[in-house]
Amino acid sequence: MSIEKAENISENREFVTALARGLEVLRVCAARPEGMTLSEAAQAVGLPRAAVRRSLLTLTAMGYLSQAGRIFMPTPKVLNLSARVADLPLPRLAQPLLTELSRSLDESASLATLDGMDILYIARAETNRILAVDLSVGSRLPAWCTSMGRVLLSALPAEARNQHIPEQLTARTARTVTDRVALNDILTNIRQHGYCLLDQELELGLRSVAAPVRNSAGDVVAALNVGMHATRMSLKEVQQTIVPAVIRTASSLKVP
């Protein structure tokens, strides 16, 4: 939910608007390690420049950002905010399963949740192979063109999906589906079949398979995936080997 919407719907007198704005500014800055200007930050959070400027200067004074001319960059202190993410209930429950899945398939396995228009990685078990997409806990990727993102989007009511999909769908590769009607058809298919197989739409040479993680009420609370080089196995082998393993692991993750 955007800060503007939160401010509009909040009826709690204890809601601290300045804090909410500051956290949102910190979030967008943390996602841009190369830094961003005041104008870029204001545009990213959709807030007035004056309010964003106060947040940037406060975060700089607190040591969470550094300033070089017009550029504000996150400092290592930002890492302290997520240093114990592995101890949160869901990542803690998932990590042994991800590790075992990664070991058995010799591929990287991840867990992510939906955060706005992005997926947020909250747990990961990696192999030594290196992909162009450098991922770790705290990484973000666009939800609409990732396997875990599509799984999470497919679980939403059709009318709610648009809040998590940008108006302009920019192709990441020649294979990326950018037609909204086609994308909605894909999401419907994912919901029906219980998994997503993404074939080189995010990055050429990268395939991934994702499945939903549900809580005890049956609600989708996260998505689990395995990513692999397209040259490692054929699509038929992926269907026969990776898909069942991912679905089995995701369904075995017991979330309260």
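Let's start at a glycine: in this predicted model, helix H4 is followed by Gly-63, whose phi is positive, near 90 degrees. From there we can step back into the helix itself. H4 covers residues 49-61, and at 1.5 Å a residue its 13 residues should span 18 Å; the C-alpha atoms at its two ends lie 18 Å apart, so expectation and model agree.

Now look at which side chains H4 tucks away. Ala-51, Val-52, Ser-55, Leu-56 and Leu-59 are buried. Viewed down the axis of H4, these buried residues fall within an arc of 135 degrees, so they line one face of the helix. The general rule behind such a pattern is that an α-helix has 3.6 residues a turn, so residues three or four places apart point the same way. What do the buried residues of H4 pack against? Their partners are helix H2 (17-30), helix H3 (38-45), strand S1 (65-68) and strand S2 (71-74). On the other side of H4, Arg-54 and Ala-61 are exposed.

Further along the chain, let's turn to an open sheet of 6 strands, ordered S5-S4-S3-S8-S7-S6 and paired antiparallel. Strand S5 (140-142) and strand S6 (196-199) stand at its edges with a single partner strand each, so one side of each has no neighbour in the sheet. On average, neighbouring strands are turned by 30 degrees against each other, direction ignored.

At the S5 edge, 3 bridges join S5 to strand S4 (residues 118-125), and the two run antiparallel. Here Asp-118 stands opposite Pro-142 in S5. Helix H9 (residues 235-252) packs on the sheet, where it touches S6, strand S7 (206-214) and strand S8 (220-229). The direction of H9 makes about 25 degrees with that of S7.

Methods:
Residues numbered from 1 in each chain as written. Predicted model: local features only at pLDDT ≥ 70, side-chain atom pairs only at ≥ 80, totals over all residues. Heavy atoms only, no water. Helix = DSSP H or I, 4+ residues; strand = E, 2+ residues; numbered from the N terminus. Expected span 1.5 Å × (residues − 1). Buried < 20%, exposed > 50% of the residue type's maximum accessible area, 1.4 Å probe, protein only. Arc of directions from axis to C-beta. Contact = heavy atoms within 4.5 Å. Pairing = 2+ DSSP bridges. Axes fitted to C-alpha atoms, helices over the stretch in contact; angles between N-to-C directions.
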